[in-house]
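Colleague: I have a chain with several ligands in front of me. Can you walk me through the metal sites and the packing around them?

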Amino acid sequence: MSPGPSSEEPNHAGDSPQPSEPLFSARATTLFRVALGAAVLLVTGTGFMASAYFHSSSWDGIGFAPAQPVPFSHKLHAGELRMDCRNCHATVETSAFAGMPSTETCLSCHSQLLTSAPTLQPVMASDAHHVPLQWIRVTRLPDHVYFDHSIHVNKGVGCTSCHGEVGEMAVIAQRDPLTMRWCLDCHRNPGPRLRPSSEIFAAISPVARPHDPREELMRLDHIHLMNLTDCSTCHH
Ligand code: HEC
Ligand code: HEC
Ligand code: HEC
Ligand code: HEC
Ligand code: HEC
């Protein structure tokens with residue numbers, strides 16, 4: 001073994017490092033470069049495979065249900081407790097975006113209720129440190145598509161027509177493919193899928209009533225079918 005500092009030898013504990021010796025030996029630097037290169041390849045490779053998967057025709061997102069910072073249950077809050085969607089998705093009637101609840105919204109009940117439940121500790125921490133909870137998006141369209149909640153909700157399309165039986169979901173999962181074909185299936189003939197305004201926010205789809213052509217015609221009167229399949233309606 002060659003004694004003394006060699007540029008090929010890493011520093012061992014107990015060795016007194018020479019002032020001129022580089023911080024990392026040449027071999028360590030090479031190993032580091034190889035590891036870094038492998039990491040970069042792994043990351044770009046995974047990204048490439050992921051993008052190939054997302055863009056493949058088999059990808060439609062059905063069933064997508066990412067883990068959330070708090071195991072929040074719509075089955076409990078919207079289904080059993082019958083809380084209105086607008087308590088937490090406050091802008092769904094007035095803007096393109098439904099909106100997400102703030103920590104204060106949760107604390108309107110949970111500052112008193114289940115305050116020490118382990119599942120609610122992220123909510124408490126969010127409040128204590130003034131850091132909003134980072135809910136993970138489930139439903140997401142590509143940037144080149146324009147979507148607006150308020151127009152759908154105001155023209156008689158219920159939440160469950162697009163999001164599924166939310167009142168039965170302990171964990172929200174995407175039910176429909178959200179493809180262009182899916183949008184167009186309704187835009188070509190929305191009449192049968194519309195409901196009375198009293199049923200828009202139902203957590204479970206209302207039971208289909210006997211066909212009422214008068215009501216349908218009245219509703220269709222307010223729908224501008226002409227534009228609904230124009231490319232520019234959804235692609236600005
Ligand atoms: C209107 C009151 C109310 C609001 C607002 C509310 N909750 Fe709840 N939450 C409840 C009730 C009631 C329970 C069930 C209590 C029980 O099991 O006895 C509950 C249970 C929970 C549980 C289960 C706790 C456990 O482990 O047993 C979690 C997690 C939770 N809520 C999270 C949230 C979050 C996150 C928000 C805000 C987005 C929120 N809640 C808003 C009333 C509310
Ligand atoms: C007490 C608050 C609360 C109420 C009431 C509530 N939600 Fe939510 N909602 C949340 C929270 C928190 C999330 C994010 C975590 C998750 O996805 O479960 C969410 C997420 C969602 C999502 C997924 C959004 C995405 O990322 O794509 C949909 C869809 C949804 N809610 C629909 C509804 C509908 C429909 C109702 C009424 C029937 C409703 N919610 C009632 C709190 C609430
Ligand atoms: C016509 C179909 C449709 C209806 C009706 C609908 N949604 Fe959505 N929702 C979507 C789509 C599509 C997205 C994804 C939007 C995007 O990525 O730009 C979405 C996203 C969301 C989100 C995530 C935040 C956001 O705004 O992007 C929430 C929360 C939500 N919807 C709740 C609701 C609630 C509550 C109702 C009923 C009051 C409702 N939605 C009615 C299709 C619909
Ligand atoms: C269940 C039926 C239904 C589904 C599904 C649906 N829509 Fe709609 N959409 C409607 C109705 C009804 C209107 C209101 C038409 C009117 O009278 O202006 C509308 C209106 C719109 C408008 C506004 C048109 C205007 O005149 O300004 C846009 C944009 C839109 N939808 C995009 C989408 C996109 C994107 C999707 C798919 C992610 C989608 N919609 C899915 C029923 C639906
Ligand atoms: C009702 C809404 C709606 C209308 C109308 C609409 N599209 Fe789309 N379009 C979408 C949605 C949602 C997507 C994204 C999901 C998908 O790729 O299926 C999309 C995606 C696309 C894409 C990208 C496909 C891809 O593989 O990435 C193209 C191109 C496109 N639309 C062209 C058109 C043309 C051309 C028209 C008119 C003939 C049109 N769209 C009308 C909703 C619409």
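What follows is a set of questions and answers on this predicted model.

Colleague: Which residues coordinate the iron atom of ligand 2?
Modeller: Two protein atoms do this, both at 2.0 Å. Each is an NE2 atom. The residues are His-74 and His-89.

Colleague: Where in the chain do His-74 and His-89 lie, and how many residues apart are they?
Modeller: His-74 lies in helix H2. His-89 is in the loop between helix H3 (85-88) and H4. The pair therefore ties together parts of the chain whose separation in sequence is 15 residues.

Colleague: Is His-74 buried or exposed?
Modeller: The cut-off for buried is under 20% relative accessible area. His-74 has 17%. So His-74 counts as buried.

Colleague: What about His-89: buried, partly exposed or exposed?
Modeller: Partly exposed begins where buried, under 20%, ends. His-89 has a relative accessible area of 21%. So His-89 is partly exposed.

Colleague: What does Ser-73 touch, leaving aside its neighbours within four places in sequence?
Modeller: Ser-73 sits in the loop between helix H1 (26-55) and helix H2 (74-80). At 14% relative accessibility, Ser-73 is buried. A polar atom of its side chain lies 3.0 Å from the backbone nitrogen of Leu-76. Beyond those sequence neighbours, the contacts of Ser-73 are Met-169 and Ala-170.

Colleague: Which residues are the protein donors of the iron atom of ligand 3?
Modeller: The donors lie 2.0 to 2.1 Å from the iron atom. Both use NE2. They are His-149 and His-163.

Colleague: Which helices does the pair His-149 and His-163 tie together?
Modeller: The two residues are 14 apart in sequence. His-163, at 30% relative accessibility, is partly exposed. His-149 lies in one helix and His-163 in another, so the pair joins H6 and H7 (residues 159-163).

Colleague: What is the arrangement of donor atoms around the iron atom of ligand 3?
Modeller: There are 6 donor atoms around this iron. Ideal angles for six octahedral donors are 90 or 180 degrees. The angles at the iron atom of ligand 3 run from 88 to 179 degrees, which makes the arrangement octahedral.

Colleague: Which element gives the most residues to the shell around ligand 4?
Modeller: The shell has 22 residues, and His-152, Lys-155, Cys-183, Cys-186 and His-187 come nearest. Polar side-chain atoms of His-152 and His-187 each lie 2.8 Å from a nitrogen atom of ligand 4. Helix H6 (149-154), H8 and H10 each give two or more residues to the shell. With 4 residues, the top contributor is H8.

Colleague: Which elements do the buried residues of H8 pack against?
Modeller: The buried residues of H8 are Trp-182, Leu-184, Cys-186 and His-187. Of these, Cys-186 and His-187 are also among the residues that come nearest to ligand 4. The buried residues of H8 pack against H6 and H7.

Colleague: Which protein atoms coordinate the iron atom of ligand 5?
Modeller: The distances are 2.0 to 2.1 Å. One donor residue, Met-180, is in helix H8 (residues 180-187), and the other is in the segment after helix H10 (231-234), 55 residues away. The atoms are SD of Met-180 and NE2 of His-235.

Colleague: Is Met-180 buried or exposed?
Modeller: Exposed needs over 50% relative accessible area. Met-180 has 56%. His-235, at 32%, is partly exposed. Met-180 is therefore exposed.

Colleague: What geometry do the donor atoms around the iron atom of ligand 5 have?
Modeller: There are 6 donor atoms. They subtend angles of 88 to 180 degrees. That makes the arrangement octahedral.

Colleague: Which elements give two or more residues to the largest nonpolar core?
Modeller: This core has 8 residues: Val-70, Cys-106, Leu-107, Ala-117, Leu-120, Val-123, Met-124 and Leu-133. In soluble globular proteins, nonpolar side chains tend to be buried together. The elements giving two or more residues to the largest core are helix H4 (103-110) and helix H5 (121-129).

Terms used
Residues are numbered from 1 along each chain as its sequence is written. Chains are lettered from A and ligands numbered from 1 in the order in which they are written. This is a predicted model: local features need pLDDT of at least 70, side-chain atom pairs count only at pLDDT 80 or more; totals for chains, interfaces and linings use all residues. Side-chain values use heavy atoms; hydrogens and water are left out. A nonpolar core is a set of buried Ala, Val, Leu, Ile, Met, Phe, Trp, Tyr and Cys residues joined through side-chain atoms within 4.5 Å. Buried means under 20% relative accessible area, exposed over 50%, partly exposed in between (1.4 Å probe, protein chains only). Donors are N, O and S atoms within 2.8 Å of the metal (3.2 Å for Na, K and Ca); water is not among the atoms, so sites may look incomplete. Four donors count as tetrahedral if all angles lie between 85 and 135 degrees; four count as square planar and six as octahedral if opposite donors are over 155 degrees apart and all others between 65 and 115; anything else is irregular. A residue is near a molecule or strand if one of its heavy atoms lies within 4 Å of it. A polar contact is a pair of N or O atoms within 3.5 Å; within protein, one must be able to donate a hydrogen and the other to accept it, and residues adjacent in sequence count only if both atoms are side-chain atoms. Contact means heavy atoms within 4.5 Å.
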